[in-house]
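This report looks at charged side-chain pairs and at enclosed space in one structure, and it is best read with the sequence and the coordinates at hand.

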Amino acid sequence: MSELKINAVNSTITSQNLHSADFAKSHSQDGFEVVLKEAMAKLVEIQSDTNNAIQELANGGDITQAVIALQKAEMAFQFMIEVRNRLISAYEEIQRMQV
Amino acid sequence: MKLFGVLQVVGSSLQAQRQRMNIIVSNMANVHTTRAEDGEPYRRKDLIFEVEEINPGDESLQGVRVAEVVKDNSPFKVIYDPSHPDADQNGYVKLPNVEVLEEMVNMLMTFRAYEASITSFNTTKNMFMKLLELGRS
């Protein structure tokens with residue numbers, strides 16, 4: 001029963017967004033999902049760069065590049081964690097909503 | 001991501017300073033070398049740095065790289081030592097034009113530059129971490 005109501009609320013929100021927001025024209029309904037996926041793909045790319053740098057280091061590569069790649073991966077990971085935390089807290093906020 | 005351009009700048013700086021350090025160490029190691037290429041004593045070497053474009057066209061973000069290794073053409077030191085195998089007919093030996101004191105000062109400068117790069121990286125990273133805290137309750 002309550003699920004149905006949430007769905008109804010969701011659909012009104014999305015339809016409002018579709019009508020009012022400009023970005024809805026350029027982005028499809030799953031715009032946020034696409035952005036998230038792109039960000040994740042970027043993160044995976046950065047982490048594989050780090051892997052490559054460490055492999056190169058093992059084969060006599062440059063240590064500076066490896067350390068920089070590590071830091072880059074760490075920062076990207078922190079950023080991802082932060083986005084995840086914000087998402088979870090937004091979700092919890094919605095969960096606590098009175099229906 | 002644009003944010004990581006800073007990391008490339010810091011990386012290029014660290015690498016350049018490390019290469020400079022290699023040159024300085026070579027100079028100091030060869031302070032008494034009388035036999036280098038073409039039969040002359042070792043010549044002091046130095047590095048020339050040049051700007052490295054990180055994002056082409058972006059002048060606010062520029063790294064550094066080593067353009068070339070140059071030889072110092074100042075005259076060799078000459079000492080009188082007839083017993084030395086590399087002495088000329090008059091008993092004079094040509095020694096490399098390396099001044100250990102000068103190299104020490106260059107080494108300290110290189111170390112400080114390296115340190116400064118690392119500090120600027122840490123500050124950048126702290127700024128990034130602070131940004132993530134924005135709006136956190």
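In this predicted model, the side chains of B:K125 and A:E74 meet in a salt bridge, with 3.0 Å from N to O. Because B:K125 lies in helix α2 of chain B and A:E74 in helix α4 (residues 63-95) of chain A, the pair joins two chains. B:K125 counts as buried at 14% relative accessibility, whereas A:E74 is partly exposed, with a relative accessible area of 34%. Over all chains, a search of the whole structure finds 16 salt bridges, and three of these pairs are set out below.

| Salt bridge | N to O distance |
|---|---|
| B:K125 and A:E74 | 3.0 Å |
| B:D72 and B:R44 | 3.0 Å |
| B:R44 and B:E102 | 3.6 Å |

B:R44, which is buried with a relative accessible area of 6%, pairs with B:E102 in a salt bridge. Since B:R44 lies in the loop between α1 and β1 of chain B and B:E102 in helix α2 of chain B, the pair ties together parts that are 58 residues apart in sequence. B:E102 counts as partly exposed, at 37% relative accessibility. Salt bridges that share partners join B:R20, B:R44, B:D46, B:D72, B:E102 and B:E103 into one network.

Turning to enclosed space, a search of the whole structure finds 1 cavity of 30 Å³ or more, and about 40 Å³ of space lies in the largest cavity. Its lining includes B:R20, B:R44, B:D46 and B:E103, and by class the lining has 3 nonpolar, 2 polar and 5 charged residues. α1(B) gives the most to this lining, with 4 residues.

Technical notes: Residues numbered from 1 in each chain as written. Chains lettered and ligands numbered in written order. Predicted model: local features only at pLDDT ≥ 70, side-chain atom pairs only at ≥ 80, totals over all residues. Heavy atoms only, no water. 1 Å grid on protein atoms, 1.4 Å probe; cavity = no way out; pocket = protein on both sides within 12 Å on 5 of 7 lines; lining within 4 Å. Points joined across faces, edges and corners; volume = space filled by probe spheres on them. Nonpolar A, V, L, I, M, F, W, Y, C, P; charged D, E, K, R; others polar. Salt bridge = Lys/Arg side-chain N within 4 Å of Asp/Glu carboxyl O. Buried < 20%, exposed > 50% of the residue type's maximum accessible area, 1.4 Å probe, protein only.
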